[in-house]
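This briefing is meant for a reader who is meeting the structure for the first time. Please look over the sequence and the model below before going on to the points that follow.

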Amino acid sequence: MTSATGYEGFDGASELLRALSAPIRLAIVSELAGGERCVHELVEKLGAAQPLVSQHLRVLRGAGVVRGSRRGREIAYSLVDEHVAHIVADAVSHAGEG
Amino acid sequence: MSAPVITVEHGVVGYDGRPVLRDVSLTVTAGEVAAVLGANGSGKSTLIRAVLGLVPLSAGSITLFDRPLRQFRQWQRIGYVPQRLGAGGGVPATVREVVASGRLARRGVLRPPGRADRAAVDAALRAVGLADRAADPVSTLSGGQQQRTLIARALAGQPELLILDEPTAGVDAASQEAFAGALRHFVADGGTVLLVAHELGPLRPVISRAVVVHQGGICHDGAVPDPAGHHAEPDHDHVHPHGPDEPAGLWSN
């Protein structure tokens with residue numbers, strides 16, 4: 001990694017914040033902070049159609065925020081790292097929406 | 001009829017500094033069936049993903065039903081069928097079970113399925129012509145019937161806006177006709193449709209407006225253009241990869 005810019009170290013954080021840039025994805029992370037959830041549970045909680053919730057989960061999975069594991073007929077999602085839940089909670093509190 | 005459902009103003013999307021959408025503006029009003037056309041890599045799917053909040057804009061704004069996207073919460077008003085293959089995923093579910101799952105976002109956690117849910121599921125199955133297959137496992141259906149199942153699932157949620165990504169790609173003619181009929185009913189009942197397509201086929205008479213995307217910008221917005229060249233042949237297989245530099249002339253003749 002030889003570059004003149006000197007801020008390559010921020011790439012990962014930028015990617016993470018991009019994945020967290022939609023309110024509905026923050027809501028998913030907040031929900032998963034309470035434990036593992038199946039897709040249908042998130043659909044009921046968020047009131048958004050399953051394909052849309054699945055696409056948002058794909059964004060979060062691509063950024064390494066969540067992971068899925070098969071639970072019977074469904075995929076259950078959980079946070080890869082609890083730390084992200086704290087980042088989101090801090091951001092929500094900071095923005096005064098908590 | 002003229003209330004805006006989707007408004008994109010000067011929308012810009014970039015991946016890693018590479019612009020995918022450049023300064024796109026588009027308003028879709030209630031009752032329209034707008035088709036976003038364009039070659040692979042033109043940015044047409046990105047436009048839809050931006051409208052759904054799946055990719056962030058780096059400039060510009062998006063409004064859904066008069067609410068800025070960032071404040072929009074009423075996602076149950078939107079039905080979405082992503083580009084995909086197959087409905088089963090190896091899961092042993094019946095057609096009816098898959099379609100009924102489209103009610104979840106509307107029903108909430110506590111309320112068990114009731115009469116309104118069953119009526120909506122029945123209507124959705126009829127709309128796509130699969131009422132007689134309701135009890136069959138999805139895995140026994142053809143690809144086109146599976147795609148119709150997914151569209152019925154979206155209709156079961158009784159959305160006001162239906163967003164479809166390549167709904168007819170690789171789908172047999174009978175299913176395309178059934179799908180065109182379902183869209184016609186949906187719009188007659190007051191719905192609005194935004195769909196992405198590579199080619200229109202039997203959908204053509206249902207489309208009220210074509211938006212052609214080329215190299216990240218809108219190069220045509222209005223009447224549905226005539227297909228040109230070999231793509232016009234009815235037996236042409238459209239499910240093949242196109243290069244990113246395919247000319248817009250494919251659609252604008």
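In this predicted model, B:Ile6 stands opposite B:Leu64, a residue of strand E4 of chain B. Both residues also appear among those with the most contacts inside the largest nonpolar core, and the points below take up the sheet, the cores and the cavities in turn.

**The sheet**
- Strand E1 (residues 4–15) and strand E4 (residues 59–64) of chain B pair in the antiparallel sense, with 5 bridges between them.
- These two strands belong to an open sheet of 4 strands in chain B, in which the order is E2-E1-E4-E5 and the pairing is antiparallel.
- At the edges lie strand E2 (18–29) and strand E5 (67–68) of chain B, each of which pairs on one side only.

**The nonpolar cores**
- The largest nonpolar core has 56 residues, and B:Trp75, B:Ile78 and B:Ile163 are also among those with the most contacts inside it.
- Leaving aside residues up to four places away in sequence, B:Ile78 touches A:Ala49 of the other chain as well as several residues of chain B, including B:Leu64, B:Phe72 and B:Ile163.
- A second, separate core has 39 residues, including B:Leu130 and B:Phe179.

**The cavities**
- A search of the whole structure finds 3 cavities of 30 Å³ or more, and the largest has a volume of about 160 Å³.
- The largest cavity is lined by 18 residues, and A:Ala49 is one of those that lie nearest its centre, together with B:Gly102, B:Arg153, B:Ala154 and B:Gly157.
- By class, this lining has 10 nonpolar, 6 polar and 2 charged residues.
- Helix H4 (50–62) of chain A and, from chain B, strand E6 (78–81), helix H3 (104–107) and helix H5 (143–156) each supply at least two residues of that lining.

Conventions
Residues numbered from 1 in each chain as written. Chains lettered and ligands numbered in written order. Predicted model: local features only at pLDDT ≥ 70, side-chain atom pairs only at ≥ 80, totals over all residues. Heavy atoms only, no water. 1 Å grid on protein atoms, 1.4 Å probe; cavity = no way out; pocket = protein on both sides within 12 Å on 5 of 7 lines; lining within 4 Å. Points joined across faces, edges and corners; volume = space filled by probe spheres on them. Nonpolar A, V, L, I, M, F, W, Y, C, P; charged D, E, K, R; others polar. Core = buried A, V, L, I, M, F, W, Y, C linked by side-chain atoms within 4.5 Å. Buried < 20%, exposed > 50% of the residue type's maximum accessible area, 1.4 Å probe, protein only. Contact = heavy atoms within 4.5 Å. Pairing = 2+ DSSP bridges.
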